[in-house]
2 protein chains.
Amino acid sequence: MELSERQLQILQAIIDDYVENAEPVGSRSLTKHHDLGVSPATIRNEMSDLEEMGYLTHPHTSAGRVPSDKAYRLYVNELMKKKNLTSSEKKAINDRLAASRDEFDTTLRHAAELLSEITHLASFAMTPAANEDTISFIRLMPVDERTIILMIVGDSGNVTNTTLRLTVPYTQEGLELLSKNMTVNYKGRTLDDVLKSEIIEDVGDDLEALSQLRGSVMPSFMRTLEDMMNVHLYMEGMMNIFNIPEYSSIDRARDFMELFSRKDEFTRQMLERGDGVVVTIGEENDNMKDCSLITATYHVDGKLVGKIGVIGPTRMKYDEVTSIMEYLTNNLSESFKLTDGKDKR
Amino acid sequence: MELSERQLQILQAIIDDYVENAEPVGSRSLTKHHDLGVSPATIRNEMSDLEEMGYLTHPHTSAGRVPSDKAYRLYVNELMKKKNLTSSEKKAINDRLAASRDEFDTTLRHAAELLSEITHLASFAMTPAANEDTISFIRLMPVDERTIILMIVGDSGNVTNTTLRLTVPYTQEGLELLSKNMTVNYKGRTLDDVLKSEIIEDVGDDLEALSQLRGSVMPSFMRTLEDMMNVHLYMEGMMNIFNIPEYSSIDRARDFMELFSRKDEFTRQMLERGDGVVVTIGEENDNMKDCSLITATYHVDGKLVGKIGVIGPTRMKYDEVTSIMEYLTNNLSESFKLTDGKDKR
DNA sequence: GTTAGCACTCACTCAAGGAGAGTGCTAATC
DNA sequence: GATTAGCACTCTCCTTGAGTGAGTGCTAAC
């Protein structure tokens, strides 16, 4: 069952040709484009064997061969070599990410943009799942007589704020007291933990007015926590798929696009994937059985984990794409180190 | 050149049929579906006149008639009647918007979602252009020894924050001093004004350390102001266009989608449009000459102006869409009143 | 002014035929 | 025994042409 050296060589050649041209490759054209040292007839015999082993398929009798998912899997696991990015590619990545270094979500969106520009495929970037992030402090600030701002800051630097319209009046002192009170209660606890816990009616030295204020603020507090935990998903380059022969029929294109309109489901699926560069090919995916999906993880502050990804036809340049993603995630992780080297707590 | 009553009736019938079926309508089928009281031959004569006047076109000799942009314009200006939304439609809109009343951007996104769900077209919502918004206060808050949060609050309730990584150390007092200092300098000024002004090196009672801190903060401050001014664009229902016969070819679909991938350009164009419900049909648009575009404006705090919009083929149900948008924008404006009735300054 | 009748036009569908790329098998060759 | 040349066969794709049907435009009658 082991493939011979020559079979591997032929398989690689077929994959190369097919990835390039998106058309079934025949024995004769293969010998033309590659120096394999044997005649088409020999290629045919080998192709026939490879097909029997499940590495190639046949759209119809008189067509050339097409690599199967199994072939791509073999290629990804054994055959492909890491590509080195050119220094201009590296520079483009570095420049684009550096421009927005201190704005987390913007940086991520740029990463997704880069990914789709370089690979000419659809790409996405997700913020980390923040349920393990811990609360650093909570602050309430006045805007006008009926409007306040609620701000929650996590230890990872994750910040969310909401503008609240109150139905009860408030005082500056009331806000400060409640801010401190909430910070004391929740500091150091994970978002997940706080969200799941009962709302604590800490009556300690509460005044009547304060407890009213708390009552108005708590529902929004919980909602904001949830939003803070939510993974944000940025998608880029969806248009690219229109240029890919695989999706040149309107129905295929629609199917492809619909995967992404269900953002929540898509996000959930992506979260389940492992760390590092993960490649899933065709049938290996739960839905999108005619796509390949490559994800890679980056780290924030060495702790929280976010993902970026690329989606395209199974016929894609796995070597290039994985190499770019590796470089990109390393770069992101480096950017997102909060305090260089030191543990900040 | 004035159209007769019968011609208007026929034109309306043709528009109705064509909007419904997306197929050129012939004289015979028109008499079948509408009670016009005349024979197909008469219809043909009238159609011929209408075509001469530019209200109808002919894909080819032996096909039925298709309304021209001019016909839709006439329809929108003269013929169409306002549709009343059913109470269940109204309820759906009210419920969906009420659920997120205090989170501005979320509410807007929901509005766009609603719009595309009801109309089955592509839709968008834009936050107001905030260059006229004035600064209420600025605050700097510590996170850890190298990280602070910069928060800018506008008088309209517009809040933006950024996490900054400092290369210089800071003190709590330094942050507070700088916050106050910046607030005093910028309070009441419009974002536009501040962005355009030179960075003021207010050396008054500045310490050396403070001026260093200011130096690190100012570039991010400016960048954050810019972000705050930026119009956010939420697009929904792009997938809907796959179900529209006009865009059933991959090329047309691609052209359509490409309009939206250029978000900045698109936003700029939309900002130029007038207030209230604005309908532009086919050739009346600068690009997207085969689409119609309907926009409507909502108000925040009676002052800032944002837009929502719908894009589809010129063949669309103008009466329904405009009615829904009118209802929706009224609802949004109502939601976004900060302090009911009273002027808050 | 309206209508019936009829010739004509044009897109669309379907089947048939030819071209081209490729396979699979067999027999000859190295 | 592996490799190769040769050839019949298969299947898609493209083109062509005939047939169909919806619709118009014109003319003559009402």
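A:Ala22 sits in the loop between helix 1 and helix 2 (27-33) of chain A. Its phi is near 60°, a positive value in a residue other than glycine. Keep in mind as you look around that this is a predicted model. From that loop, the briefing moves on to the second backbone spot, the contact between the two protein chains, the two DNA strands, and some side-chain pairs.

**Backbone spots to look at**

- Most residues other than glycine have a negative phi.
- Chain B has a residue to set beside A:Ala22: B:Met288, which is not a glycine either, has a positive phi near 40°.
- You will find B:Met288 in the loop between strand 8 (278-281) and strand 9 (291-300) of chain B.

**Where chain B meets chain A**

- The size of an interface is often given as the accessible area lost when the parts come together.
- Here chain B and chain A bury about 3,800 Å² between them, and 57% of that area is on carbon and sulfur atoms.
- Chain B brings 44 residues to the contact, and chain A brings 43 residues.
- Which kinds of pairs cross this interface? Two residue pairs are in polar contact between chain B and chain A, both at pLDDT 80 or more, while the count of salt bridges across the interface is zero.
- On the side of chain B that touches chain A, the elements giving two or more residues are strand 4 (135-144), strand 5 (147-154), strand 6 (159-165), helix 9 (208-229) and helix 10 (250-261) of chain B.
- Strand 4 of chain B provides the largest share of that side, with seven residues.
- Sorted by class, the side of chain B that touches chain A holds 17 nonpolar, 14 polar and 13 charged residues.

**Around DNA strand D**

- DNA strand D is surrounded by 20 residues, and the closest are A:Arg6, A:Thr42, A:Thr61, A:Ser62 and B:Ser27.
- Of the atoms of DNA strand D that come within 4 Å of the protein, 77% belong to sugar and phosphate.
- A:Arg6 places a polar side-chain atom 2.8 Å from a phosphate oxygen of DNA strand D.
- A:Ser39 uses its backbone instead, with a polar atom there 2.9 Å from a phosphate oxygen of this strand.
- Chain B takes part as well: an N or O atom in the side chain of B:Arg65 is 3.1 Å from a phosphate oxygen of DNA strand D.
- Helix 3 (40-52) of chain A and helix 3 (40-52) of chain B each supply at least two residues of the surface near DNA strand D.
- Which element gives the largest share of that surface? Helix 3 of chain A does, with four residues.
- The surface near DNA strand D divides into four nonpolar, 12 polar and four charged residues.

**Around DNA strand C**

- Among the 20 residues around DNA strand C, those that come nearest are A:Ser27, B:Arg6, B:Thr42, B:Thr61 and B:Ser62.
- Sugar or phosphate makes up 77% of the atoms of DNA strand C within 4 Å of the protein, and bases make up the rest.
- The side chain of A:Ser27 has an N or O atom 2.8 Å from a phosphate oxygen of DNA strand C.
- Two backbones also take part: A:Ala63 has an N or O atom 3.5 Å from a sugar or linking oxygen of DNA strand C, and B:Ser39 has one 3.1 Å from a phosphate oxygen of this strand.
- Helix 3 of chain A and helix 3 of chain B are the elements that give two or more residues to the surface near DNA strand C.
- Helix 3 of chain B gives the most to this surface, with four residues.
- By class, the surface near DNA strand C has four nonpolar, 12 polar and four charged residues.

**Side-chain pairs within a chain**

- Over all chains, the structure holds 15 aromatic pairs.
- In one of these, B:Tyr72 and B:Tyr318 are tilted, with 5.6 Å centre to centre and 50° between the planes.
- This pair links distant parts of the chain, 246 residues apart: B:Tyr72 is in helix 4 (residues 69-79) of chain B and B:Tyr318 is in helix 12 (residues 318-335) of chain B.
- Side chains of opposite charge can pair when their charged atoms come close.
- The whole structure has 31 salt bridges over all chains.
- One of them joins A:Glu20 to A:Lys317, with the closest N and O atoms 3.9 Å apart.
- A:Glu20 belongs to helix 1 (residues 5-21) of chain A, and A:Lys317, 297 residues apart from it, to the loop between strand 10 (304-313) and helix 12 (318-335) of chain A.

Key: Residues numbered from 1 in each chain as written. Chains lettered and ligands numbered in written order. Predicted model: local features only at pLDDT ≥ 70, side-chain atom pairs only at ≥ 80, totals over all residues. Heavy atoms only, no water. Contact = heavy atoms within 4.5 Å. Buried area = accessible area lost by both parts, 1.4 Å probe. Salt bridge = Lys/Arg side-chain N within 4 Å of Asp/Glu carboxyl O. Polar contact = N/O pair within 3.5 Å; in protein donor to acceptor, adjacent residues only side chain to side chain. Nonpolar A, V, L, I, M, F, W, Y, C, P; charged D, E, K, R; others polar. Near = heavy atom within 4 Å. Phe/Tyr/Trp six-rings, centres within 6.5 Å; stacked < 30°, edge-to-face > 60°.
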